[in-house]
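Subject: A structure for you to look at

Hi there,

I'm passing a structure on to you, together with some notes to help you find your way around. Please open it alongside this email.

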Amino acid sequence: MKSILEETKFIMNRYHIKPNKSLGQNFLICEEVVEKIIECSRITKEDLIIEIGPGLGTLTKYLLERAGKVLCIELDKKMIHILEERFKLYDNFEILNQDVLKVDLKKIILKEKKDAKVTNVKIVANLPYYITTPIIMKLLEEELDLESITVMIQKEVANRLIAIPGQKETGAITYSVYYYSVGEEILEVPSDSFIPKPEVTSKIIKLNIRKQPPVEVKNKDVMFKIIKSAFMQKRKTLLNALNNTKIFTTKGKGIKILKELNLKENIRPENLSLQDFANITNKIL
Ligand code: SAM
């Protein structure tokens, strides 16, 4: 049996593939990493797996053996041809030649749950790094009927996404990810696990989608607007940031709200918990 590295080189030679840097094509060549992604995704025959960016099909091959159905979304037409040929014997394989950011995933999931008789939907992907954040935010903000999202992404982005809000490495995005999911760190992956080698270290993370949000807030969109305003001016105190962006109508009102919530007047945005932002939102509305 060929190793993943041998198999990847063989396919690349056979189809004259030169990895397209602008599409974030770094192909996985490490058995241990593939096995870890598959293992932590806990795939069963009741699952529909949506794989974003299957590339040459390294992960796809393992997914097809375990899942009820695998639906791949790949932008590069060259890959579509390879995948269709490689997996033509599998009746649980389907591929869409589209930009994942433009796909109506809600509609697809509804249809697949009805037709393919799958009960759970999971995302598994070694993502193209140039659009990691928009992809993850799309998956979360569209409130898709998902159980989990297992992805390999750049290490620094991974750390920010799965940080606990209010602790270190917090950014505005940390709060959104935390609102929708419980993050898990799975494995750090060195750059020599890919061809070509990316310039960064990677990490596998798993986001387990929450059934209920962790805070009660009158309007979550307003809360996320407040969080974004707070982090747009990160060097400033929360009070100044929200005053400058007119979230607090006057500085005096801002001071009063912070006092009522037992928050220090000079607190910085990154020191607030999600509950603190929910409380501020509830006071303003
Ligand atoms: N899954 C393969 C692996 O692990 O070896 C390839 C991963 S590679 C990091 C990312 C893949 O995403 C590439 O195949 C690339 O063509 C695809 N891709 C890039 N932009 C995309 C987009 N907007 N929509 C769907 N796929 C995209």
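Below are notes on one helix and on the ligand.

This is a predicted model, in which local features need pLDDT of at least 70, side-chain atom pairs count only at pLDDT 80 or more, and totals for chains, interfaces and linings use all residues. Residues are numbered from 1 along each chain as its sequence is written, and side-chain values use heavy atoms, with hydrogens and water left out.

Let's begin with helix 5, residues 105-115 (helices are DSSP runs of H or I with at least four residues, strands runs of E with at least two, numbered from the N terminus). Leu105, Ile108, Ile109 and Glu112 are its buried residues (buried is under 20% relative accessible area, exposed over 50%, with a 1.4 Å probe and protein chains only). These four lie on the same side of helix 5 because they cover an arc of only 95 degrees around the axis, taken from the directions from the axis to the C-beta atoms. They pack against strands 2, 3, 4 and 5 and helix 6, where contact means heavy atoms within 4.5 Å. On the face turned away, Lys107, Leu110, Lys111 and Lys114 are exposed. Just after helix 5, Lys117 has a positive phi of about 55 degrees.

Now for the ligand. Polar side-chain atoms of Gln25 and Asn126 lie 2.9 Å and 2.8 Å, respectively, from an oxygen atom of the ligand. The protein buries 99% of the 590 Å² that the ligand exposes when taken alone (Shrake-Rupley areas, 1.4 Å probe).

Enjoy exploring!

Definitions and conventions
Polar contact = N/O pair within 3.5 Å; in protein donor to acceptor, adjacent residues only side chain to side chain.
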